[in-house]
Amino acid sequence: MDGARKAFLLTRVGDTAMMVGFLLLYTGLGTLNIAGVLARAQAQWPVGSASAVAASLLLLAGAVGKSAQLPLQTWLPDAMAGPTPTSALIHAATMVTAGVYLIARMHTLFEWAPAVQLLVAIVGAATLLLAGISALFQSDIKRILAYSTMSQIGYMFLALGVGAWSAAIFHLVTHAFFKALLFLGAGVVIEAMHDEHDIAKMGGLRRRVPLAFAAFLIGGAALAGLPIVTSGFYSKDLILWQSWATGGSPLFWVAGMIGVLLTSLYIMRLIFYVFAGPERERVEQKVHWPMRTAIYLLCFFAIVGGFINLSYRPRQGPTFTNFLQGVLPAPRALREGGLTELTSGLVSAALLLVGVWLAYWAFLRKRATVEGWAESPPGRSLHDFWKADWGFDWLYERLFVFPVLWLARIGRADVVDAFFAVVAFIMRYFCRSLSQTQSGRLRSYAAGVALGAVILLTLVLWR
Amino acid sequence: MILAIFLLPIAGALLAGAAARVSAPLSRWLSLLVLCAGLVLTLVVWSGHQATLWAPGASWMLELDRPWLPLLGVHFHLAMDGLSLLLILLTYFLGIVSVLISWREIRERVGFFHLCLLFVLAGVVAVFLAADLFLFYFVWELMLVPMYFLIAIWGHENRRYAAIKFFIFTQASGLLMLVAILALTFLHYRLTGVYTFQYNELVGTRTGSPTGSWIMLGFLAAFAVKLPAVPVHTWLPDAHTEAPTAGSVLLAGLLLKTGAYGMLRFVLPIFPEGTAKLATLMMVLAVIGILYGAFMAFAQTDIKRLVAYTSVSHMGFVLLGIFARNEFALRGAVVQMLAHGLSTGALFVVAGIVQARLHTRELGGMGGLWTTAPLLGGLTLAFVMSSVGLPGLGDFVGEFLILLGAYQRSIGFAVVATLGMIAALVYGLKVVQDAFHGPNLRRLRMRDVLPHEGAVLLVMLAGLICIGLYPRRLLHALDPSVPSLPPATVMSDTGARAAR
């Protein structure tokens, strides 16, 4: 319930900023037709002009709210942990990526404001790291996937920020396949466990629910970007390579690579916890055929979905990128030297394997030891801090929620009304004092008349 | 025709009052019939004028002008343009709503209730039609007394306090307007040697002098109290909360609109220089109203009081639109008036239904009502969403146009005002979640909407959807009236298209 409120509010914050952006665009360019806006912005605004920066910044706020990026990201895990897996998959696979679409659609505007475009990349890189770490410390299976969604959208933002527009959209597409698959798998698991979300209480499910196991293996491999055979590999490696090649800061590339390590760590942790090890309890799960069909289909696309960007004819280049060429321009001038696409891919593959091995070591072989670290006092606090997503909720509650509630409590009676109440009180006071003079005693009336006459006479005579 | 629109509610009031001696239902049916006739009549006028859209310059769609007190230059002058037409439509429609939802709620003094109700409506209709300032003041006061009775007789616990407060605020500010009207006439006499109260003639009066500014303040006082603008809004929460449901609907839906109408019709055209000078201050008040109203709404625990404060916030948007004084903002203000009449009126209907069933208005005493009254819950959600400005529903169109206009006038005001849309969401979710969602801890059971209540709410929702998705008709109807309000910025062709 609170999740719904939070989701609505935080996206509204972004939407409102976006609306101000629309007001600016309309006032500055005289149209809200997208093609018109882009054409006129190019014609009328110089690159880096204040209007372009402000407009793209406001649109970015809308995208950040919708796509749950820093600093408006806190609504997403709550919103995805609550409802049914089906709505979560629709949400994760399509709706939250609308922000990515928005930026890609308005890409000219962002190219006209290089500072903001850089900010997009920074937001993306920061979110993918923060959310990746948070995902590693969750115990709710759907929260892990929710943080993973944030992290993957972070990759898309990173791609947008470095100008790899079509790579962002490519990742949007492949992500939809494998994240939907993972959510469906999670649904099967949760149903088999009778509404249990906590992965620490699961184990050994690989025999009982092999379908979910397969879904997680394939989806997880695609998410982590297992080379050659999964869709995620093609899109993510394109982003990683282009974040280097477009000549921005090499830190973006580094962030993306750390992200690869984190991704394989948290998804393998989930898989080892849920499917490996001894069986905790006997579960029976029959999966109905519509669900089966959906899972098979998504498995298929999670594997082959990336092949749409291969080049099928000699010298034709990547198919999907070419398809988008008319709308989204190719990345800027490429950086010479340093890495090649092959090295970048090899590094990411190596990191992926390191991640898998680390996860195997920490969450399967030495699980007790690692959990022991997490129980120790410093480990405990760190664990809680990351589990609570770096304390953003805590901070926002203190910054915004509590003050407003406090003000609302003390301000319930309208302050302005106090003024009118005072006026009314004074009126009533005079009214009462005057009505007391009407006492019915003849003597005081006579005295009053006499006194008045004296005063009047004095006034007349004095002049 | 215009006389019929003017006279119908008065005749209906007398008829319904008399009919109650025979039987109470007869009185209800008669009121309903009369109001429906008025609605149909107004629609006929509208459709008749669809085809022959006025050339720019032709001022009124319908007009009736008879000398009344020739010595003083007072005329009985009724006139209607697009602005009046839309607001009269709203008046008749909300009148029908009020009669229907009082069907079960009001059981004592049925005849007098309908007499008062229809007299309020008669006053409101006349306010929207009057083209003579003397007549305008007359009918302005005519709204007041029956409304006072509605609150004081059929209201809730604290009704006498609320009724007196309402009366004093409106009466005191109304008297200021009377002084201003007289002063304006004398000013006009000094300049031209003619005594007149005619709107058409007074519009041209040169009011740039300091005297003119003082006269404007007199008008503004009355309209700002009615609107209401912060800081003279404090009669509103009390009156809205204590009034019977029909009274709240009339107050929120119509009486507040008369304040905005007065500003649009009189203050802006008669005092162009004065309003230009005062615009910044009024926009500051408007923005304060938007935020303060929204915050106060959130702070309330009484559902009717909460909705009442949302009116302060929404009418702040209207005020902002009026004093941004360009075509977008003015159009937006009118659309917002109509949409607010429907959405807030509907929320008061909902509050009335809930109160009638549960005998409490406290949000703390509700919760989980969705399980027991799902239809009401769904409808409430829709109206709340309109009220918080969800695109596709009426209020959004108004607010967007107002913000667009305000942005062109002053970026700062527009940006601060948009914060009001975030604040609106906070109070909107509070209503829905505290009352309808969550666990039903008290095991409350209540009947879902009855057919006539459901019908009323559905029609109101349909209206909001129409405004939200296809505001073009409304904006079209406003074409001849709003651009006549000076000073208008020139709107480009594409701009006009986008605005529709």
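Among contacts in chain A between residues at least 6 apart in sequence, what percentage join residues at least 24 apart? The figure is 80%. Keep that in mind while moving through this predicted model.

**Stop 1: chain A as a whole.** Select chain A and show it as a cartoon. Chain A has 22 helices and zero strands. Its radius of gyration is 32 Å, well over the 23 Å that the globule rule gives for 463 residues, so chain A is more spread out than a compact globule. Turn the C-alpha trace along its principal axes: the spans are about 120 × 65 × 45 Å. Buried residues account for 46% of the 463 residues in this chain.

**Stop 2: the two domains.** Colour residues 2-365 of chain A as domain 1 and residues 413-462 as domain 2. Taken over C-alpha atoms, the centres of domain 1 and domain 2 of chain A are separated by 78 Å.

**Stop 3: helix α10 of chain A.** Select residues 165-192 of chain A, which form helix α10. At 1.5 Å a residue, its 28 residues should span 40 Å, and the end C-alpha atoms are 41 Å apart, which agrees. Look next at His175(A), where α10(A) bends by about 25°. Then show what surrounds the helix: 24 of the 28 residues of α10(A) are buried, so α10(A) is largely enclosed by the rest of the structure. Following α10(A) is His194(A), whose phi is positive, near 55°.

**Stop 4: the nonpolar core.** Which residues touch the most other members of the largest nonpolar core? They are Ala168(A), Leu181(A), Leu319(B) and Leu320(B), out of 330 residues in that core. Helix α13 of chain B, residues 327-358, gives the most to this core, with 18 residues. Back in chain A, centre on Leu181(A). Leaving aside residues up to four places away in sequence, Leu181(A) touches Ala215(A), Ile218(A), Gly219(A), Ile295(A), Leu298(A), Cys299(A) and Ala302(A).

**Stop 5: a loop glycine in chain B.** Select Gly389(B), in the loop between α15 (374-387) and α16 (394-409) of chain B. Is Gly389(B) buried or exposed? Gly389(B) has 31 C-beta neighbours inside 10 Å, so it counts as buried; the cut-off for buried is 20 or more. Not counting residues up to four places away in sequence, Gly389(B) touches Asp395(B), Phe396(B), Glu399(B), Met421(B) and Ala424(B). Finally, add Leu425(B): Gly389(B) and Leu425(B) are 36 residues apart in sequence and 8.3 Å apart in space, C-alpha to C-alpha.

Note on methods: Residues numbered from 1 in each chain as written. Chains lettered and ligands numbered in written order. Predicted model: local features only at pLDDT ≥ 70, side-chain atom pairs only at ≥ 80, totals over all residues. Helix = DSSP H or I, 4+ residues; strand = E, 2+ residues; numbered from the N terminus. Rg over C-alpha atoms; globule rule 2.2 N^0.38 Å. Buried ≥ 20, exposed ≤ 12 C-beta atoms within 10 Å, placed from the backbone. Contact = placed C-beta atoms within 7 Å. Core = buried A, V, L, I, M, F, W, Y, C linked by C-beta atoms within 7 Å. Domains from an automatic or database assignment. Expected span 1.5 Å × (residues − 1). Bend = angle between axes of the 7 residues up to and from the residue.
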